[in-house]
Amino acid sequence: MLNLDFTQRVVINTAEQDWIDSPAAGVRRKQLEREEAERGRATSIVEYKPGASFKTHHHPLGEEILVLEGVFSDENGDYPAGTYLRNPPGSSHAPFSEKGCKLLVKLHQFDADDRNTVRIDTNNAEWLPGQGGLHVMPLHSHNTEHVALVKWPANEVFKPHRHMGGEEIFVLQGEFCDEHGRYPQGTWLRSPHMSTHHPFVEHETIIWVKTGHLPI
């Protein structure tokens with residue numbers, strides 16, 4: 001088990017982590033949270049070397065993917081960097097990458113009734129006005145869980161706030177900051193239910209963020 005105490009704040013700069021080989025040749029991972037070896041809840045950065053593939057496999061409680069680099073593929077299509085995917089509980093596929101890719105992958109974390117398949121190319125989706133100078137790109141909502149990209153303009157300061165049901169962030173571009181520290185591109189943060197912070201940025205920054213999904 002790795003980082004499964006959801007009462008604790010977790011910060012990992014994935015650029016400083018070592019890669020770990022997966023059971024599939026040419027596929028490596030950086031583990032962020034994990035329940036069991038090859039089973040249960042897991043969040044990882046995954047790298048496919050050119051030509052690497054996984055056998056057909058099932059997702060009993062879903063799979064969520066954000067393509068960070070390259071092109072990720074399965075029998076249903078090709079997904080370039082910036083694509084957000086949700087494969088619902090009970091789905092299956094045989095993924096591969098012809099030229100290589102890197103992904104943020106979350107496994108076994110869906111509600112059983114969250115049945116929507118999602119395919120969003122964030123390179124072409126619309127940014128909506130958010131609070132202050134923020135822009136938001138909604139990606140998915142189900143019950144209390146909300147997933148989005150958030151674009152912060154340089155020198156933006158957000159109001160102090162509390163996280164009902166927790167918050168999870170992956171820094172895609174720039175550097176995200178709060179009173180606890182500074183988080184460069186590639187940093188993964190998980191903050192527990194009812195945690196608080198006062199975030200800001202000094203340079204334009206884009207984050208993937210999920211809220212309202214952690215155990216209360």
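This passage walks through the salt bridges found in the structure. The model is a predicted one, and it holds 14 salt bridges in total.

Start with a pair that brings together remote stretches of sequence. Asp178 and Arg9 meet through their side chains, with N and O 3.7 Å apart. The two partners sit 169 residues apart along the chain: Asp178 belongs to strand E17 (residues 175–178), while Arg9 lies in the segment just before strand E1 (10–13). Their surroundings are not alike. Asp178 has a relative accessible area of 5%, under the 20% cut-off, so it counts as buried. Arg9, with 37%, is partly exposed.

Another long-range contact pairs Arg86 with Glu145, whose side chains form a salt bridge at 3.5 Å, N to O. This one runs from strand to strand, with Arg86 in E8 (residues 83–87), Glu145 in E14 (residues 145–152), and their positions 59 residues apart in the chain. Here both ends are tucked away: Arg86 is buried at 0% relative accessibility, and Glu145 is buried too, at 8%.

Strand E17 (residues 175–178) turns up again, this time through Glu175, which bridges to Arg182 with the closest N and O atoms 3.0 Å apart. Arg182 comes out as partly exposed, since its relative accessible area of 42% falls between the 20% and 50% limits.

Not everything comes as an isolated pair, though. Glu33, Arg41, Lys106, Glu168 and Arg190 are joined in a network of salt bridges.

Conventions. Residues are numbered from 1 along each chain as its sequence is written. This is a predicted model: local features need pLDDT of at least 70, side-chain atom pairs count only at pLDDT 80 or more; totals for chains, interfaces and linings use all residues. Side-chain values use heavy atoms; hydrogens and water are left out. A salt bridge is a side-chain nitrogen of Lys or Arg within 4 Å of a carboxyl oxygen of Asp or Glu. Helices (H or I, at least four residues) and strands (E, at least two) are DSSP runs, numbered from the N terminus. Buried means under 20% relative accessible area, exposed over 50%, partly exposed in between (1.4 Å probe, protein chains only).
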